[in-house]
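Subject: A structure for you to look at

Hi there,

Here is the structure I promised to pass on. Please open it next to this email, so that you can find each residue as you read.

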Amino acid sequence: MTILALGLLLFLGVHSIRIVADPWREAQIARLGRNVWRGGFSLLSAVGFGLIIWGFALARGQGPQLWLPQPWAHHITILLTLPAFVLLVAADLRGSRLRAAVRHPMLLGVLLWALAHLASNGKPADLLLFGGFLAWAAVDLWSVRRRDRLAGTPPPEVKPGRDFRVLLVGVAAWLVFGLWLHGWLIGVRPFG
C-alpha cells in the first residue's frame, strides 16, 4: 500500500498545485518557461502514475473486505463507466455541446469512474485508489468552476458534428476497454 500511496500523493499532488498554490504555479511558469514547467509536470505525473499502477497491482486484494459490494454493483459500475468514457473523450475532442455544458468533462468523468469502481470494490487498496481519485476530482471540479466563475470564463465554442463523434468514440472506447483491455491490463473482465 505504501507504493500506491506514494504514487497517488505524487500524481494527485502535482495535479492539485493549481488548487492549493496557483500564484506559486504561475510564478514558476514565468521563471522557468511554460515548456520546462510542462516537462517537469509530465515527468512527475508519469512517475506517479507508474507508482499507482505498480502499487495497486501489489496491494490489490490484500487486507480485509471493508464493505461487501451488492450483487447489482457490478451493473452500476458498467453503466457509470459509459458516461465516464464519453466525458473523457469530450475533454479531448473540443467543440461538443457536452464539453460546453459541463466545461470540465475530464474531471466529471474521473469522478464517475471512481464512484463506479468504489461501488463494486471494497478492499483497502480500492478505497485508497478510487476514493483518492474521487476526492481529488470533486475538489478540483469545485476549484476550477470557482476559478472560471471569478474570471468570467465563457463556455467553449460549439462546432457542428462534434457531439456525434464524442458519443461514437466514447462508446467505442468503452466497449473496447470493457471487452478486451480491462481484462488484459487489470485482470478483471467486466463484460465477461
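Below is what was found in it, going from the inside to the surface. Please keep in mind that this is a predicted model.

**The core**

Let's begin on the inside. The largest nonpolar core has 20 residues, and the members that touch the most others are Leu4, Leu8, Ile52, Leu129, Phe133 and Trp136. Four helices each supply at least two residues of this core: H1 (2-14), H4 (34-59), H7 (105-119) and H8 (124-151). Of these, H8 gives the most, with eight residues.

Leu129 is a good residue to click on. Leaving aside residues up to four places away in sequence, Leu129 touches Leu4, Leu8, Ile52 and Phe56.

**The aromatic rings**

Next, have a look at the rings. How many aromatic pairs does the structure hold? There are nine of them. One is formed by Phe11 and Phe49, whose rings are tilted, at 5.8 Å centre to centre and with 45 degrees between the planes. Phe11 belongs to helix H1 and Phe49 to helix H4, so this pair ties together parts that are 38 residues apart in sequence.

Are the two partners buried or exposed? Phe11 has a relative accessibility of 14%, and because buried means under 20%, Phe11 counts as buried. Phe49, at 42%, counts as partly exposed, because that value falls between the 20% limit for buried and the 50% limit for exposed.

Phe11 also pairs with Phe133, and that pair is tilted too: 5.9 Å centre to centre, with 50 degrees between the planes. Here Phe11 in helix H1 meets Phe133 in helix H8, so the pair ties together parts 122 residues apart in sequence. Both Phe11 and Phe133 are buried.

If you colour the rings, try picking out this cluster: Phe11, Phe49, Phe56, Trp113, Phe130, Phe133 and Trp136 are linked by ring pairs.

**A patch on the surface**

Finally, turn to the outside. A nonpolar patch on the surface is formed by Leu175, Val176, Leu179, Trp180, Leu181, Trp184, Leu185, Ile186, Val188 and Phe191, which together have about 920 Å² of accessible area. Among them is Trp184, which lies in helix H9 (residues 162-186). Why does Trp184 count as exposed? Its relative accessibility is 69%, and exposed means over 50%.

Enjoy exploring, and send me any questions you have!

Best wishes

Methods
Residues are numbered from 1 along each chain as its sequence is written. This is a predicted model: local features need pLDDT of at least 70, side-chain atom pairs count only at pLDDT 80 or more; totals for chains, interfaces and linings use all residues. Side-chain values use heavy atoms; hydrogens and water are left out. A nonpolar core is a set of buried Ala, Val, Leu, Ile, Met, Phe, Trp, Tyr and Cys residues joined through side-chain atoms within 4.5 Å. Buried means under 20% relative accessible area, exposed over 50%, partly exposed in between (1.4 Å probe, protein chains only). Contact means heavy atoms within 4.5 Å. Rings of Phe, Tyr and Trp (its six-membered ring) pair if their centres lie within 6.5 Å; planes under 30 degrees apart count as stacked, over 60 as edge-to-face and the rest as tilted. Patches are made of residues with over 30% relative accessible area and no salt bridge: like charges are joined within 9 Å, nonpolar side chains (Val, Leu, Ile, Met, Phe, Trp, Tyr) within 5 Å. Accessible areas come from the Shrake-Rupley method with a 1.4 Å probe; for residues, only the protein chains shown count as cover. A salt bridge is a side-chain nitrogen of Lys or Arg within 4 Å of a carboxyl oxygen of Asp or Glu.
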